[in-house]
Amino acid sequence: MTQLFKPELVCPAGTPAGLRTAVDAGADTVYCGFQGPTNARNFPGLNFSVAEMADSVDYAHERGAKVLAAVNSFPTAGRTEIWKKAIDDAIRIDVDAVIIADIGMAQYMSKTHPGHRIHLSVQAGASSPEAINFYCRRFDIKRVVLPRILTVQEIKKVHDEIGCEIEAFIFGNIGMMAEGRCALTNYVTGQSTNMDGVCSPASHVHYEEDEDRNLKTRLGEFAIDCIGCGEHAGYPTICKGRYNVGHRREYYAFEEPVSLNLTHLLPDLMRAGVTALKIEGRQRSRAYVRSVVSAFRQAVDCYFDGGEPDLGHLLALTEGHRETQGAFRSKTWR
Amino acid sequence: MACLMKPSLLAMIANKPAPQDRPLQDTRTQGAARMLPPFPVFVLQPLLGHIVRTVSGRHPELIARLGENCKKRFLIDPHNLPFFLLLQPDPATPQLTAYNRGRDVRHDVHISGTLVTLLSMIDGRTDGDALFFNRELIITGDTEAVVALRNALDNMDATLAEDVAACFGPLSRPVRAVVDLILAVGGRKP
């Protein structure tokens, strides 16, 4: 039987208080971003100033936890200085690794800050041993965050053929788009998920509830869903909207609002050699972080000790009150 | 006196389902609110003013996170109470004003839910996104402003509910106990 590795639990934080909550709830590592377009959760009121990140790093380190800085959006021409400064700031305040998506920023960090850990963001979309090993050779990548398109068996094969650690998502929002390639928000709003760090920017989202409690969701000038009274809502993203397509009415043309939950695949991921298990949700609240992190802390420890955890209560925190194992179990997911 | 309210009345205030119609101009209030006489909102004003000035002064980081959104007008609508609140967090002139239903008040954001839903949010017990997914929390208007407010409040170590309770001075503990009781009756565990 394959040996079970105890993985690192990597948890989200959108604010300093969120980071402290994650650490206190049992996170081994917390990932977070600076305010502005340099990370993929550039939402109003969210993220860290450099001073806040520095204090947060101290808080985590004093308690034996690590902090990863997400600098994982793609700079456009003429704007690279903002991303370079974010990397420099992250190194200066002693984060444990920087999560990078852009190949130019990987080059910058490997040359400017050799010896510091680079993690390859899921936004880079590197899913094959060839692609991952290229990053390892050229930029000394220490860890890859795998796109959510591989089965556990495929992750095991990738693990056996690459020269760095693997981080895999286990819970939270999931999209059907190849990470780092989605341009739907850009098409509708003119702002980019990948370059401005905003998927469905709040400034373009509008909700209207009618007298019968039907909730219409608009992104920019497009109605993307009309949620009936009593129905659960999802995030206001184009990919999870319902549309009239051909003869189909109110049809989830892209995908349905569900959340990833790999609770029952944790032992398989641990046997596959995954180094770190990642929880999505830097945009979520401290209440979410507290619940999910403590639940997965318990689950990982329980599995490692040969037990069977019960995480049924996490369903209440999922988008649309529905969960999936996505492509991790089967390629027939879509 | 609030702490002497019977549990059955508390339960009605805390836990009534969402109303079928909720425009601000609608004077038909819901649940226990129907049973209460028109509320003398002027009695609340000194206290509300004290609360908003205290919280604003005590938490400059909250205002900083709001950015330009601190100038927005947030209408907070516990739709099973006979009144609603208008929050204007601009640090120059922070205001929290109560209005009886039926008043048409200019606002940028409308946040509504039961008293328990709104209390559990400001008490940090419940995830706002989950409340939204469940349709317990209704947001209309300027989504960017409400996202900024949600994130700013979520960065407070002590919850807003604790800060508000502290504004009651020697009565802060009984007030906190009433909040806890309302939340418990409404099914929100500490």
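Along its sequence, chain B of this predicted model follows the pattern α-α-α-β-β-β-β-α-α-β-α-α-α, which comes to eight helices and five strands; helices (H or I, at least four residues) and strands (E, at least two) are DSSP runs, numbered from the N terminus. Residues are numbered from 1 along each chain as its sequence is written, while chains are lettered from A and ligands numbered from 1 in the order in which they are written. Because the model is predicted, local features need pLDDT of at least 70 and side-chain atom pairs count only at pLDDT 80 or more, whereas totals for chains, interfaces and linings use all residues.

Of the 190 residues of chain B, 44% count as buried. A residue is termed buried if 20 or more other C-beta atoms lie within 10 Å of its own, exposed if 12 or fewer, and partly exposed in between, with C-beta atoms placed from the backbone. Among the contacts in chain B with a separation of 6 or more, 71% join residues 24 or more positions apart, two residues being in contact if their C-beta atoms, placed from the backbone, lie within 7 Å. Helix α4 (residues 115-122) of chain B is largely enclosed by the rest of the structure, because seven of its eight residues are buried. These buried residues are Leu115(B), Val116(B), Thr117(B), Leu118(B), Leu119(B), Ser120(B) and Met121(B). Gly124(B), which follows α4(B), has a positive phi near 70°.

Most residues other than glycine have a negative phi. Arg135(B), in the loop between α5 and β5 of chain B, has a positive phi near 65°. With 19 C-beta neighbours inside 10 Å, Arg135(B) counts as partly exposed. In chain A, Glu250(A) also has a positive phi, near 45°. Glu250(A) is part of strand β12 (residues 248-251) of chain A and is partly exposed, with 14 other C-beta atoms within 10 Å.

The contact between the two chains takes 31 residues from chain A and 30 residues from chain B. On the side of chain B that touches chain A, at least two residues each are supplied by α3 (60-66), α5 (128-133), β5 (138-141) and α6 (143-154) of chain B. The largest share, seven residues, comes from α6(B). By class, this side of chain B has ten nonpolar, eleven polar and nine charged residues; Ala, Val, Leu, Ile, Met, Phe, Trp, Tyr, Cys and Pro count as nonpolar, Asp, Glu, Lys and Arg as charged, and the others, Gly among them, as polar.

Chain A is divided into domain 1 (8-174 + 258-333) and domain 2 (184-251), with bounds that come from an automatic or database domain assignment. The centres of the two domains, taken over C-alpha atoms, are separated by 26 Å. Their contact takes 15 residues from domain 1 and ten residues from domain 2. The side of domain 1 that touches domain 2 has five nonpolar, eight polar and two charged residues.

Three strands of chain A are linked by parallel pairing, where two strands pair if DSSP finds at least two bridges between them. Strand β3 (residues 66-71) and strand β4 (residues 97-100) of chain A pair over four bridges, with Ala69(A) opposite Val98(A) in β4(A). β4(A) also pairs with strand β5 (residues 118-120) of chain A, over three bridges, and Val98(A) stands opposite Ile118(A) in β5(A). Helix α3 (residues 80-92) of chain A joins β3(A) and β4(A) in a right-handed β-α-β unit. A further right-handed β-α-β unit is made by β4(A), helix α4 (residues 103-112) of chain A and β5(A). A crossover is right-handed if, with the strands pointing away from the viewer, the path from the first strand over the helix to the second runs clockwise.

Ala69(A) and Val98(A) recur in the largest nonpolar core, of 140 residues, where they are among the residues that touch the most other members, together with Ala22(A), Val30(A), Cys32(A), Val71(A) and Ile100(A). Such a core is a set of buried Ala, Val, Leu, Ile, Met, Phe, Trp, Tyr and Cys residues joined through C-beta atoms within 7 Å. Helix α9 (residues 286-304) of chain A gives the most to this core, with ten residues. Domain 1 and domain 2 of chain A both give residues to the core, so it lies between them. Leaving aside its neighbours within four places in sequence, Val30(A) is in contact with Cys11(A), Ala13(A), Leu19(A), Ala22(A), Val23(A), Ala60(A), Ala65(A) and Val67(A).
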